[in-house]
Amino acid sequence: MNEELQTLWALHELDERLVALNGSLARFPAQRQTVERRLKDERARLDTMKHRGAETLLERKKIEKDIESLAAEERKFQSQLPLVKKNEEYSALLHEITGAKQKRSDRETDLLMLMEDEERQAGERPALEKAVAGVEAEAKERLAAFAAEEARERDQVAGVERERAALMTRLPAAMRSRYERIRTSREGRAVVPIVKGACGGCYRGQPPQMLQEARRGDRLIVCDGCGRLLIWPPESSG
Ligand SMILES: [Zn+2]
């Protein structure tokens, strides 16, 4: 294999690593999103509970106020009882008193039910808070692990990029731009091996004459199918 082909083959190996590394890096956004979505859902559950707690508190204050004013109303009617002279006024007042009592009793029932609800909410909350804290801690840990892993892979990419930049300088300028042009248009692969007499990129079979030349390793073969550069893999015997 001549020197240029050797350089191209070495570039091919580096670019294969870049394709694999970039493919691997592409998983991070989705992984992060999964963790963040779970965290958001869990926090939303706690927020809903807090919101409900605040609403229940407002409702309780309202009921307590109602009970107070119904009691005041009842006391007012009670205090008027000794003052009325007529029987019908007296029974009308008694009727008002009964009505206020009944309303107050209804509101007291409402209050009891609401307090039961409050108690249940208060009982559920610690477990939910604990669950949220757990999910938060886990999310933090996982995001940190993703960041570390991503940084490690990006370092590897940078290392490979440096190696390939050094190799590139060995190629004549025309070959360099040709290589990069093919690489850009062919998903990061400008050079592919010949596999079973066919292009390793698009699988088009190559003419026997070309295969002979490729095997001798002294001439660059271009695939008619995909335009990639074909090299007979050095480690392969046939
Ligand atoms: Zn091809």
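## A walk through a two-domain chain

The chain is divided into domain 1, residues 3-168, and domain 2, residues 173-231. Please keep in mind as you rotate it that this is a predicted model. The C-alpha centres of the two domains lie 57 Å apart, yet the domains do meet: ten residues of domain 1 are in contact with twelve residues of domain 2. On the domain 1 side of that meeting place, helix α1 gives the most, with nine residues.

Let's take in the overall outline. Along the principal axes, the C-alpha atoms of the chain fill a box of roughly 130 × 30 × 30 Å. The radius of gyration says something similar in another way: the chain has 41 Å, whereas a compact globule of 238 residues would have a value near 18 Å. Of those 238 residues, 9% count as buried. Contacts can also be sorted by how far they reach along the sequence. Among those between residues at least 6 apart, 70% join residues at least 24 apart.

Now for the secondary structure. There are five helices and four strands in the chain, and reading along the sequence gives the pattern α-α-α-α-β-β-α-β-β. A UniProt record, an unreviewed entry, lists residues 11-186 as "domain: CT398-like coiled coil hairpin". In the model this span is 93% helix and 0% strand, and its end C-alpha atoms lie 15 Å apart.

Leu14 is a good residue to zoom in on here. L14 is found in helix α1, and leaving aside residues up to four places away in sequence, L14 touches V160, E163, R164 and L167. The pair L14 and L167 shows how the chain returns to this place: the two are 153 residues apart in sequence, but 9.8 Å apart in space, C-alpha to C-alpha. Is L14 buried, exposed or partly exposed? L14 has 19 other C-beta atoms within 10 Å, and a residue needs 20 or more to count as buried, so L14 is partly exposed.

Next, follow the chain to its strands. UniProt, again in an unreviewed entry, places the feature "domain: C4-type zinc ribbon" at residues 198-230. Over these residues the chain is 27% helix and 18% strand, with the end C-alpha atoms 9 Å apart. The four strands form an open sheet in the order β2-β1-β4-β3, with mixed pairing. Strands β2 and β3 (221-222) stand at the edges with a single partner strand each, so one side of each has no neighbour in the sheet. As a reminder, strands of a sheet pair through backbone hydrogen bonds, either parallel or antiparallel. For β1 and β2 the sense is antiparallel, over two bridges; V195 has A198 of β2 as its bridge partner.

Two loop residues beside these strands deserve a look at their backbone angles. Most residues other than glycine have a negative phi. K196, which is not a glycine, has a positive phi of about 50°, and K196 lies in the loop between β1 and β2 (198-199). Y203 is not a glycine either, and has a positive phi of about 70°; Y203 is found in the loop between β2 and α5 (208-216). How do their surroundings look? K196 is exposed, with 7 other C-beta atoms within 10 Å, while Y203 has 13 C-beta neighbours inside 10 Å and counts as partly exposed.

Finally, let's look at what is packed inside. In soluble globular proteins, nonpolar side chains tend to be buried together. The largest nonpolar core here has 15 residues, and L8, V191, A214, L229, L230 and I231 touch the most other members. Helix α1 (3-25) and strands β1 (191-195) and β4 (229-231) are the elements that give two or more residues to this core. Where does the core lie? Domain 1 and domain 2 both give residues to it, so the core lies between them. L230, one of the residues named above, has contacts of its own to trace: not counting residues up to four places away in sequence, L230 touches V192, I194, C199, Q206, A214, I221 and C223. Helix α1 thus comes up in two places, as an element of this core and as the part of domain 1 that gives the most residues to the side touching domain 2.

Technical notes. Residues numbered from 1 in each chain as written. Predicted model: local features only at pLDDT ≥ 70, side-chain atom pairs only at ≥ 80, totals over all residues. UniProt positions renumbered as here; feature names shortened; annotations may be inferred. Core = buried A, V, L, I, M, F, W, Y, C linked by C-beta atoms within 7 Å. Buried ≥ 20, exposed ≤ 12 C-beta atoms within 10 Å, placed from the backbone. Domains from an automatic or database assignment. Contact = placed C-beta atoms within 7 Å. Rg over C-alpha atoms; globule rule 2.2 N^0.38 Å. Pairing = 2+ DSSP bridges.
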